[in-house]
Amino acid sequence: MTEVSNHLSANLRTDRRGRNLWILLGIVLLFFLVHLGLGSSNFVSPAGVLRELFRGKVEDNPANAIVWAIRLPKALYCVLAGGILGIVGSAFQALFRNPLAEPFTIGVSSGAAVGGAIAHLLGLDLGMAFLGAPLLGFVGGLLSLGLVFLLARRRNGTDTMTLLLAGVVISSLLSAILSLVILMSGQDSNQLMRWLLGSTSPQFMERVWAMAAMLVVGGIILFRQSKKLNAFAVGEESARRLGIDPRRLRNIVLVTGTAMTATAVGAVGAIAFLGLVAPHIARRILGVDWRWSLPGSLVVGSGVMLVADVFAQRVVPWIGLQLTGKELLATDLPVGVITAIIGAPSLLILLKKSD
């Protein structure tokens with residue numbers, strides 16, 4: 001009788017998690033349609049956006065051109081980059097058994113930012129070399145990760161807390177190196193600084209396809225490790241007793257996460273706090289089972305990025321216009337600024353509630 005009761009309870013939890021995940025997907029879809037409809041002019045209702053999307057590209061139709069040529073690439077940037085950072089942050093938190101772990105914490109994002117900045121300064125991010133920033137970002141992320149592991153290595157293995165501390169140190173060092181590279185370049189740094197703060201402009205459809213491919217391939221790889229991450233999150237010894245090779249799991253997750261993060265950073269720059277906050281929100285809604293919280297973090301990350309970009313594009317400039325009577329910004333506010341403003345207090349609230 002107890003076994004039957006436990007089985008029914010497990011099925012109910014699965015059904016509830018599945019329903020919650022579908023609700024999250026529906027909410028993010030609504031955010032996506034709102035994002036496509038909002039602009040400096042020519043508001044398009046969600047129903048109108050759906051109509052134009054299903055119609056396809058049409059000549060001599062202003063609403064269709066706005067949705068397809070201007071707003072769709074920007075919205076896809078948000079969905080894909082947010083999803084990448086969300087799922088990678090969740091996998092890293094399971095791997096390091098630390099709720100504060102994310103690509104920025106262990107230095108991966110900083111290394112990718114340095115590589116991407118060098119690509120920007122060398123002109124490798126335009127034209128046929130549109131993947132220059134992601135590729136150099138991947139190299140920078142891997143080198144940063146290797147340096148972190150080198151500093152954290154001990155005779156009896158790698159300690160998680162030492163690894164995180166080494167990541168913070170390397171991240172600070174790389175930030176200083178990045179500032180030095182920008183100052184010594186002798187070029188106009190405004191565009192580069194906007195990218196470093198996190199920007200969804202300009203958009204290249206080639207990068208959309210690159211991020212989409214990386215999210216699909218990397219997401220499948222990470223999701224296939226979800227059961228192992230469940231065991232690893234309990235403890236490394238428990239994972240070993242279940243036949244899991246911790247070193248192999250760590251290498252798979254870190255290399256995959258680094259490649260995904262580098263692609264996102266190369267496309268949209270450094271998006272602060274997203275990979276930290278999205279997994280916390282997903283776990284509160286879907287539980288700590290990484291078979292559910294990994295895809296949940298992907299969905300939540302996409303939703304948070306869409307909302308933050310709407311704030312960056314329209315809400316903050318509109319508030320400034322109402323308060324001062326004039327436009328304070330000639331272009332959109334970098335979305336990374338908004339994610340930091342939203343993410344920092346949100347994380348503090350989540351941590352306070354978890355006490």
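**Asn-64.** I began with the burial of Asn-64 in this predicted model, and I count Asn-64 as buried because its relative accessibility is 2%, where the cut-off is under 20%. I then placed Asn-64 in the secondary structure and found it in helix α3, which runs over residues 62-96. Looking for a polar partner of its side chain, I found that a polar atom there lies 2.7 Å from the backbone oxygen of Gly-56. I also listed what Asn-64 touches once residues up to four places away in sequence are set aside, and the list holds Glu-52, Arg-55, Gly-56, Lys-57 and Val-58.

**Aromatic pairs.** I searched the whole structure for aromatic pairs, and the search returned 1. The pair is Phe-92 with Phe-96, and I note it as edge-to-face, with 6.1 Å from centre to centre and 80° between the planes. I checked where the two rings sit along the chain: Phe-92 and Phe-96 both belong to helix α3 and are 4 residues apart, about one turn of the helix. I looked up their burial as well, and both Phe-92 and Phe-96 are buried.

**Nonpolar core.** I turned next to the largest nonpolar core, which has 80 residues, and noted that those with the most contacts inside it are Leu-95, Phe-96, Ile-106, Leu-229, Val-253 and Leu-254. When I asked which element gives the most to this core, I found α3, with 15 residues. I followed Leu-229 further and, leaving aside its neighbours within four places in sequence, I recorded contacts with Ala-91, Ala-94, Leu-95, Leu-249, Val-253, Trp-290 and Leu-294. As general background, I keep in mind that nonpolar side chains tend to be buried together in soluble globular proteins.

**Helix α4.** I compared the length of helix α4, residues 108-121, with what its 14 residues should span at 1.5 Å a residue; the expected value is 20 Å, and the end C-alpha atoms are 20 Å apart, so the two agree. I then checked how covered α4 is, and 13 of its 14 residues are buried. After α4 I came to Gly-123, whose phi is positive, near 75°.

**Whole chain.** I closed with the totals, noting first that the chain has 14 helices and 2 strands. Of the 355 residues in the chain, buried residues make up 48%. Among contacts with a separation of 6 or more, I noted that residues 24 or more positions apart account for 76%. For the surface, I recorded that the chain exposes about 17700 Å², of which carbon and sulfur atoms supply 66%.

Key:
Residues numbered from 1 in each chain as written. Predicted model: local features only at pLDDT ≥ 70, side-chain atom pairs only at ≥ 80, totals over all residues. Heavy atoms only, no water. Buried < 20%, exposed > 50% of the residue type's maximum accessible area, 1.4 Å probe, protein only. Contact = heavy atoms within 4.5 Å. Areas by Shrake-Rupley, 256 points an atom, 1.4 Å probe, with all protein chains shown as cover. Polar contact = N/O pair within 3.5 Å; in protein donor to acceptor, adjacent residues only side chain to side chain. Expected span 1.5 Å × (residues − 1). Phe/Tyr/Trp six-rings, centres within 6.5 Å; stacked < 30°, edge-to-face > 60°. Core = buried A, V, L, I, M, F, W, Y, C linked by side-chain atoms within 4.5 Å.
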